[in-house]
Structures are given as C-alpha cells and as structure tokens.
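This report introduces a structure to a reader who has not met it before. It considers the surroundings of the ligand and then the salt bridges.

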Amino acid sequence: MRVLVTGAAGFIGSHVAERLADSGHDVVGIDDLSTGEIGNVPVGIEFEEASILDEVRLAAAIGGADSVVHLAARPSVPRSIEEPMRSHHANATGTLNVLQAARRLDHPHVIVASSSSVYGANPTLPKHEELAAQPLSPYAVSKLAAEQYALAWQQSYGVGTLAFRFFNVYGPRQAPGHAYAAVIPAFVHAALAGEPLTIHGDGTQSRDFTYVGTVTDVITSAVESRTTCPSPVNLAFGTRTTLLEMIGTLGSVLGRPLERNHVNPRAGDVAHSQADNSLLRSLVPDVQPVELADGLRRTIDWMTTAWAPTTLPS
Ligand code: NAD
C-alpha cells in the first residue's frame with residue numbers, strides 16, 4: 001500500500017512511518033518541521049518538507065495514496081492558550097485540507113489523530129466515546145473540530161475515516177527539555193539529570209499512559225485492514241495511573257527514589273483521564289499494550305543513548 005503520513009518528523013508520526021515502511025508499505029511523509037525534527041524521519045521513505053496548509057504541496061504528496069495517517073498538528077495545550085489561532089489553523093483547518101485532498105483519491109481512507117482532551121471537564125470515568133465533549137482549551141476544541149470533520153466527511157463524501165482519540169502517548173523521540181514537554185519525557189529527563197520532578201498540583205491527577213509502539217501497532221493494523229468507524233474511537237488501554245504512581249514506577253526502574261517539586265496547577269489541564277477501550281478492542285482486537293515499566297525503560301534507554309538536545313521549538 002502507499003501511505004501518506006502527515007507529521008512524519010514528529011514523535012508519533014516518525015514511529016508510524018517507520019513501522020509502515022518496515023512492514024513493506026510505500027510511505028510518503030509530509031511535515032513542516034515546526035515542532036518535528038528532520039532526524040526523526042525514517043530512512044528510506046519519501047519526505048516533503050511542507051505544511052499541510054499548503055494545498056498544492058499537500059495534493060502532490062497525497063497523490064496515489066491508499067491510506068492517509070494524519071498526525072500533523074500543534075499538539076500542546078499551553079501553546080494553544082498562548083496562540084489559539086495558530087492551533088486552530090494547524091489542527092482544524094489543516095485537517096480540513098487533508099480531508100479535502102483525500103476526496104480526490106480513488107478509495108480514500110484517512111486516520112485522524114484526535115485527543116482525550118476533548119472530554120475536558122466531563123468528570124465521568126472511564127471516558128467512553130458517547131460522553132459529551134467539554135473541551136477546556138483551544139487545543140481540545142481544535143481536536144474536536146478535526147475529528148468531527150473526519151466523521152462528517154464519511155457521511156457527506158464517502159471518505160473512509162477513523163478518528164482515534166489518543167490519550168497520553170509516551171516513548172522514544174518525545175523530546176524533553178522545553179516548557180511544553182509532555183510529562184513523561186520531562187520527568188525522565190529531570191530524573192536522569194538528578195533534578196527534582198516538577199509536578200503541577202498535588203500529583204493525584206491521573207492519566208491513561210500509552211506507549212508509542214502500542215499506538216503504532218494499532219494504527220498499522222487499522223491501515224492494513226482499512227478500518228473505519230462512524231464515531232470517534234479511544235486509543236488507550238484503560239489504565240489509570242496518577243503522576244505520583246508513575247513517579248514511583250520510574251523510581252523503581254531507575255532503582256532510586258525521586259525528589260519532587262510541586263507548583264501551581266496548569267490552566268486547561270484535566271484532572272483525570274482513563275479510557276473505556278471496548279470500541280477499540282472490537283475494531284482492533286489483537287494488539288497487546290506495552291506495560292508502563294517496560295515503556296519507561298525503553299524511554300530511558302533512548303534518552304540516555306540516542307537523544308541529543310537540539311534547538312527547541314518556539
Ligand atoms: P509532534 O509535535 O511530535 O508531531 C506533530 C508534527 O506535526 C510535528 O513534526 C510538526 O512539525 C508537524 N506539524 C505541525 N504543524 C504542521 C503543518 N501545518 N504542516 C505539516 N506538519 C506540521 O506531536 P505528537 O505527540 O507526535 O502528536 C501527533 C498527533 O497526535 C497530533 O495530532 C496530536 O494532536 C495527537 N495527540 C498526541 C498525544 C500525545 O500524547 N503525544 C495525545 C493526544 C493527541
């Protein structure tokens with residue numbers, strides 16, 4: 001199959017592109033390198049350094065694709081609060097462009113990355129897909145728009161779409177060290193540097209952490225079986241881990257207790273997150289998730305052997 005991966009220089013996109021290429025597919029990547037790194041792009045794939053907001057370059061990259069995995073976005077809640085229009089353009093308008101470009105394909109199939117942040121203020125746990133969305137940040141609204149455009153393009157234009165709501169994905173190539181770093185790379189980096197781990201709030205907030213290799217397994221299976229769904233689909237495995245518990249596991253893997261520094265909670269962050277994954281299990285039954293301790297070990301290995309600090313995204 002020929003597969004276009006948007007955001008192929010990013011954390012999740014580079015893993016997806018690599019796995020699809022290793023499985024024998026022709027992979028084309030597109031990324032504007034706004035937060036991605038050229039060094040993440042797997043060797044042996046075609047790569048276009050371009051924005052998905054550039055309709056001409058996007059149309060050229062998508063030509064002949066059997067499937068599109070759309071991961072390009074500005075993926076940060078705090079950045080979206082600072083610059084909501086930029087998040088809207090990249091995440092909502094960008095998705096619209098990808099869906100419009102896909103309409104020109106013979107049998108379009110598009111997987112779109114949404115986010116558990118769409119559940120926002122809705123307190124019900126676990127999160128199942130029929131819960132009301134109550135987004136708390138411009139980022140979450142832009143992801144809700146992206147997934148709903150994808151589902152509407154299924155009904156309106158016959159584009160085969162699948163909108164996955166990712167929960168907290170972590171693993172190698174997720175860069176630590178800048179103000180918007182996701183929590184696991186930030187904690188692993190601080191722990192390896194012997195610094196206290198900065199926790200926003202009391203650390204009892206919980207997340208459904210998903211190892212990037214597990215996300216890649218699910219997406220590869222969905223591409224190969226051209227899976228579609230008329231509703232969004234949670235992509236996580238129903239684990240609920242508080243930050244304090246995650247720090248405990250990280251300390252066990254590293255073989256020492258870790259010092260903590262508690263600061264004020266962040267605007268737009270949700271308190272608890274845990275997926276109901278029955279819909280995912282029915283659509284993609286064979287994937288076994290990587291355990292947190294194992295995923296943390298692989299993340300530590302990458303950060304100690306392969307990661308080098310580079311220019312941080314603005
Ligand atoms: P990432 O920042 O590593 O990857 C996003 C990539 O998109 C980057 O390489 C960036 O350069 C590229 N990009 C941004 N704007 C672009 C544009 N206009 N044109 C082309 N490329 C552009 O982030 P990630 O964590 O790999 O996230 C991938 C997707 O998963 C995003 O859609 C994100 O919203 C979603 N998601 C991620 C998580 C997570 O825990 N990492 C959780 C929920 C949803």
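## Surroundings of the ligand

Which of the 27 residues around the ligand come nearest? In this predicted model, they are Phe 11, Asp 31, Thr 35, Tyr 139 and Lys 143. By class, the shell consists of 15 nonpolar, nine polar and three charged residues.

Oxygen atoms of the ligand have N or O atoms of the protein beside them. In the side chain of Thr 35, such an atom is 2.7 Å from a ligand oxygen. Backbone N or O atoms take this part in Val 169, at 2.8 Å, and in Ser 34, at 3.1 Å. Of the 820 Å² of accessible area that the ligand has on its own, the protein covers 92%. Two or more residues of the shell come from each of α1 (11-22), β5 (109-115), α5 (138-157) and β7 (168-170); the largest share, three residues, belongs to β5.

## Salt bridges

Eight salt bridges are present in the structure. In one of them, Glu 18 pairs with Arg 173, with the closest N and O atoms 2.9 Å apart. This pair links helix α1, which holds Glu 18, to the loop between β7 and α6 (183-192), which holds Arg 173; the two residues are 155 residues apart.

Arg 19 and Asp 217 form another salt bridge, at 2.2 Å between the closest N and O atoms. Arg 19 lies in helix α1 and Asp 217 in helix α7 (residues 212-224), so this pair ties together parts 198 residues apart in sequence. Arg 19 is partly exposed, at 28% relative accessible area, and Asp 217 is also partly exposed, at 26%.

A network of salt bridges links Arg 74, Glu 83 and Arg 86. Within this network, the side chains of Glu 83 and Arg 86 meet at 3.7 Å, N to O.

Key. Residues are numbered from 1 along each chain as its sequence is written. This is a predicted model: local features need pLDDT of at least 70, side-chain atom pairs count only at pLDDT 80 or more; totals for chains, interfaces and linings use all residues. Side-chain values use heavy atoms; hydrogens and water are left out. A residue is near a molecule or strand if one of its heavy atoms lies within 4 Å of it. A polar contact is a pair of N or O atoms within 3.5 Å; within protein, one must be able to donate a hydrogen and the other to accept it, and residues adjacent in sequence count only if both atoms are side-chain atoms. Accessible areas come from the Shrake-Rupley method with a 1.4 Å probe; for residues, only the protein chains shown count as cover. Helices (H or I, at least four residues) and strands (E, at least two) are DSSP runs, numbered from the N terminus. Ala, Val, Leu, Ile, Met, Phe, Trp, Tyr, Cys and Pro count as nonpolar, Asp, Glu, Lys and Arg as charged, and the others, Gly among them, as polar. A salt bridge is a side-chain nitrogen of Lys or Arg within 4 Å of a carboxyl oxygen of Asp or Glu. Buried means under 20% relative accessible area, exposed over 50%, partly exposed in between (1.4 Å probe, protein chains only).
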